[in-house]
Amino acid sequence: MRAHTSLQDWAQQGVLLLNTCLTVEEGRPASHAHWGWEVLSDAIIAAVAAKPQAVVFMLWGKHAQSKQALIAAHNADGRHLVLCANHPSPLSANKAPVPFMGCGHFAKASNYLASKGLLVPQW
């Protein structure tokens, strides 16, 4: 368990957290979908996926999982690891088909990065 809420250390270790939409109206999930944020997030995902270094993509929720094709377009060699689960919000974190709770994504990401000789973040 993290003792603080700042994720600056993750950013310094190369961890990018990105929502498909960067704003939302309080209490209204996806209320700002289709306002243009997707153009920016799609470009960022494609740019990261195009880099030669192995990357772990954790796609949490349907919106994120809809970005799999952007990653696949740059992952013919299989260098990236793509992990999918429900969004970690209280509304879906424990629901089927792939509950976020217990999905083990952080351990899987750590193992994958270590196997590639890359820095493993301190989750």
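Student: In this predicted model, is Cys84 buried, partly exposed or exposed?
Tutor: The relative accessibility of Cys84 comes to 27%. Buried requires a value under 20% and exposed a value over 50%, so Cys84 falls into the class in between and counts as partly exposed.

Student: How far is the sulfur of Cys84 from the closest cysteine sulfur, and in which residue does that sulfur lie?
Tutor: A disulfide would require the two sulfur atoms to lie within 2.5 Å. The separation computed for Cys84 is too far for a bond, and the closest cysteine sulfur is found 10 Å away, in Cys103.

Student: How many disulfides does a search of the whole structure find?
Tutor: Cys21 can serve as a test case, for the nearest cysteine sulfur to its own is that of Cys84, 18 Å away, and Cys21 is in no disulfide. Cys21 also counts as buried, at 15% relative accessibility. For the whole structure, the number of disulfides found is 0.

Student: Which residues make up the largest nonpolar core?
Tutor: This core has 7 residues, and helix H2 (37-50) and strand S1 (56-60) each supply at least two of them. A second, separate core of 6 residues includes Ala54, Val56, Ala109 and Leu113. The members of the largest core are Ile45, Ala49, Val55, Phe57, Leu59, Ala64 and Ile71.

Student: Leaving aside neighbours within four places in sequence, which residues are in contact with Ile45?
Tutor: Ile45 belongs to the largest nonpolar core, and two of its contacts, Phe57 and Ile71, are members of that core as well. The complete set of contacts for Ile45 is Leu18, Phe57, Lys67, Leu70 and Ile71.

Student: Lys67 appears among those contacts, so is Lys67 buried or exposed?
Tutor: Lys67 is placed in the loop between helix H3 (62-65) and helix H4 (68-72). Not counting residues up to four places away in sequence, Lys67 touches Thr20, Glu38, Asp42 and Ile45. Its relative accessibility is 8%, which is under the 20% limit, and therefore Lys67 counts as buried.

Student: Why can strand S1 be described as largely enclosed by the rest of the structure, and how many of its residues are buried?
Tutor: S1 pairs with strand S2 (residues 81-85) in the parallel sense over 5 bridges, and within this pairing Trp60 stands opposite Ala85. The description of S1 as largely enclosed follows because the count of buried residues is 4 of the 5.

Student: Among the aromatic pairs, how is the one between Trp10 and Phe106 classed?
Tutor: The search of the whole structure finds 5 aromatic pairs, and in this one the ring centres lie 6.0 Å apart with 50° between the planes. The pair links distant parts of the chain, since Trp10 is in helix H1 (residues 8-12) and Phe106 is in helix H5 (residues 105-115), 96 residues apart. Trp10 is buried, with a relative accessible area of 8%, whereas Phe106 is partly exposed, at 28%. An angle of 50° is neither under 30 nor over 60 degrees, so the pair is classed as tilted.

Student: What is the geometry of the pair formed by the rings of Trp60 and Phe100?
Tutor: Trp60 in strand S1 and Phe100 in the loop between S2 and H5 are 40 residues apart, and both residues are buried. Ring pairs also link these two with Trp10, Phe106 and Trp123 into a cluster. With centres 4.7 Å apart and planes at 75°, an angle over 60 degrees, the geometry is therefore edge-to-face.

Student: Which peptide bond is cis?
Tutor: The bond leads into Pro97, a residue found in the loop between S2 and H5. With omega near 15°, the cis peptide bond is the one from Ala96 to Pro97.

Student: Ala30 and His34 both have positive phi values, but how does the accessibility class of His34 read?
Tutor: Phi is near 65° in Ala30 and near 70° in His34. Ala30 lies in the loop between H1 and H2, where His34 is also found. Ala30, at 40% relative accessibility, counts as partly exposed, whereas His34, at 75%, is over the 50% limit and so counts as exposed.

How values were computed:
Residues are numbered from 1 along each chain as its sequence is written. This is a predicted model: local features need pLDDT of at least 70, side-chain atom pairs count only at pLDDT 80 or more; totals for chains, interfaces and linings use all residues. Side-chain values use heavy atoms; hydrogens and water are left out. A nonpolar core is a set of buried Ala, Val, Leu, Ile, Met, Phe, Trp, Tyr and Cys residues joined through side-chain atoms within 4.5 Å. Buried means under 20% relative accessible area, exposed over 50%, partly exposed in between (1.4 Å probe, protein chains only). Helices (H or I, at least four residues) and strands (E, at least two) are DSSP runs, numbered from the N terminus. Contact means heavy atoms within 4.5 Å. Two strands pair if DSSP finds at least two bridges between them. Rings of Phe, Tyr and Trp (its six-membered ring) pair if their centres lie within 6.5 Å; planes under 30 degrees apart count as stacked, over 60 as edge-to-face and the rest as tilted.
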